[in-house]
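Here are some notes for a colleague who is opening this entry for the first time. Please read them with the sequence and the structure side by side.

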Amino acid sequence: MAKRTRRSFGGLRKLPSGRWQANYTGPDGRLHKAPRTYPSKDEAIGWLNHERRLIDLDAWTPPAQRAAENRPAPRLTLAAYGTQWIAQRKLKETTRELYSGMFTRYVEHDEIATVPLTELTPERIRVWYSELVAQPGPNKRATGKTRNARVYALLKTILGTAVDDGIIDANPCRIPRAGRAERSSEIRLLTTDELAALTAEMPDHLQVLVTVGAWCGMRRGELLELRRGDIEPDASVIRIRRAVTFVGGDEVVGKPKSSAGIRDVVTPPHIRPAILDHLDAHVGKGARALVFTHKGGRVDEWTLRFYFKRAAERIGRADVRLHDLRHLGAVMAAQAGATTKELMARLGHTTPAMSMKYQHVAQGRDAQIAERLSKLAGGDTP
């Protein structure tokens, strides 16, 4: 007796001979069977997945009609599959916009986009990647290494799904470490004196943003969506529940970057007076009042970037980016003795890898700590 297998799309049946039949209900409401049986279940699933993709791409015709016309099924190109992958993937809108931009610019406009998925080989991928690497960086200061890694990682993920869908047998993206961006130079963290100088160069209504960003390790979107009600009356705790991103100039308020991003951060006691002063001077009385505003509205990322860049240049640290404040906060927390789990909780990390990296950086400053200990032993203050 034949054995049937239930699926979300289509059906499978194992025949007494051991071969597999496949069928599905098409957009026309009729049942369509595979033109032949298959020696393995995976091959039968592959046929179903291919038919489903044709339906998704609006390129479907009944398989029997194709067979009668002696016409092979349309072959899925990388451009068609990649575009559909981005559209159907469950992503934040900012991430979808980022992926779409990268795919369109560096894959879809390349010759490789017209290649059917089944004809993609490691050699074709290596040729495409070498051409990507040869492209100049986005600006004079950027080498393009981060861009290359992100684009390659995106393509590798897309083709990984094609493997899962049974469209291709193996992922042709096999270049070692191509999906990992290596920094050309280490981040030179601000000193506490430089942090104070940078803060002083910011406009009055944005100074505490720098303070909180550094000492509490918060992300930009978390800072810009902070409300009065998110801060304890004594400024001892900041509750991070939301973040704002900017898509095509529009504000999009949602959850933080990951589920771990929803957290409570205890503020260091020495910055609490500054937070309270800021709330009194620059923030409305309602719980929903934004903590950081500009000209009566939300501070957008472009305005913040302008003021931060100007302040950094004025203190002679034009190399510092806003996100480096978060790095600084992480390293200072590690120096203060935070464990990996404590760093993960404070910074909203999902995995321990990044938190462990900050601990490693903090350990690298052991020589400075040793010097300060010697000064203490001699009666001097560090």
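1. Which residue in β3 is the bridge partner of Arg 13? The partner is Gln 21, and as the model is a predicted one, this pairing is best read as a feature of the prediction. Strand β2, which covers residues 11–14, runs antiparallel to strand β3, residues 20–25, and four bridges join the two. Together β2 and β3 make a hairpin with five residues between them, and in its turn Gly 18 has a positive phi of about 100 degrees.

2. Strand β3 also pairs with strand β4 (residues 31–33), again in the antiparallel sense, and here the pairing extends over three bridges. Within this pairing, Asn 23 has Lys 33 of β4 as its bridge partner. The hairpin of β3 and β4 has five residues between the strands, and Gly 29 takes a positive phi near 80 degrees there.

3. Two other residues deserve a look for their backbone angles, since neither is a glycine. Arg 177 has a positive phi of about 65 degrees and is found in the loop between α6 and α7, the latter spanning 192–201; with a relative accessibility of 52%, Arg 177 counts as exposed, because the cut-off for that class is over 50%. Lys 295, for its part, has a positive phi of about 55 degrees and lies in the loop between β9 (293–294) and β10 (297–298), where it too counts as exposed, at 81% relative accessibility.

4. How do helix α5 and helix α6 pack, and at what angle? Helix α5, made of residues 122–134, packs on helix α6, residues 145–164, at an angle of about 155 degrees, and their axes lie 10 Å apart. Since an angle over 145 degrees counts as roughly antiparallel, α5 is therefore described as roughly antiparallel to α6. The crossing in which α5 passes α6 is right-handed.

5. The residues that form this contact can be picked out on each side: α5 contributes Ile 125, Trp 128, Tyr 129, Leu 132 and Val 133, while α6 contributes Arg 147, Asn 148, Val 151, Tyr 152, Leu 155 and Leu 159. Sorted by class, the contact of α5 with α6 has nine nonpolar residues, one polar residue and one charged residue.

6. In helix α3, which runs over residues 78–88, the buried residues are Leu 78, Ala 79, Tyr 81, Gly 82, Gln 84, Trp 85 and Ile 86. The elements that cover these buried residues of α3 include α1 (41–56), α4 and α6. One of the buried residues, Ile 86, can be set beside Glu 97, which is eleven residues away in sequence and 9.1 Å away in space, taken from C-alpha to C-alpha. Glu 97 itself is found in helix α4, residues 93–108, and with a relative accessible area of 41% it is partly exposed.

7. Is His 278 buried or exposed? His 278 is found in helix α10, which spans residues 272–282, and its relative accessible area is 4%, so it falls under the 20% cut-off and is buried. Once its neighbours within four places in sequence are left aside, His 278 is in contact with His 205, Val 208, Val 283, Val 291 and Phe 292.

Conventions:
Residues are numbered from 1 along each chain as its sequence is written. This is a predicted model: local features need pLDDT of at least 70, side-chain atom pairs count only at pLDDT 80 or more; totals for chains, interfaces and linings use all residues. Side-chain values use heavy atoms; hydrogens and water are left out. Buried means under 20% relative accessible area, exposed over 50%, partly exposed in between (1.4 Å probe, protein chains only). Contact means heavy atoms within 4.5 Å. Axes are lines fitted to C-alpha atoms, for helices over the stretch in contact, and angles run from 0 to 180 degrees between N-to-C directions. Angles under 35 degrees count as roughly parallel, over 145 as roughly antiparallel, 65 to 115 as roughly perpendicular and the rest as oblique. A crossing is left-handed if the near helix is turned anticlockwise from the far one by less than a right angle, and right-handed if clockwise. Ala, Val, Leu, Ile, Met, Phe, Trp, Tyr, Cys and Pro count as nonpolar, Asp, Glu, Lys and Arg as charged, and the others, Gly among them, as polar. Two strands pair if DSSP finds at least two bridges between them.
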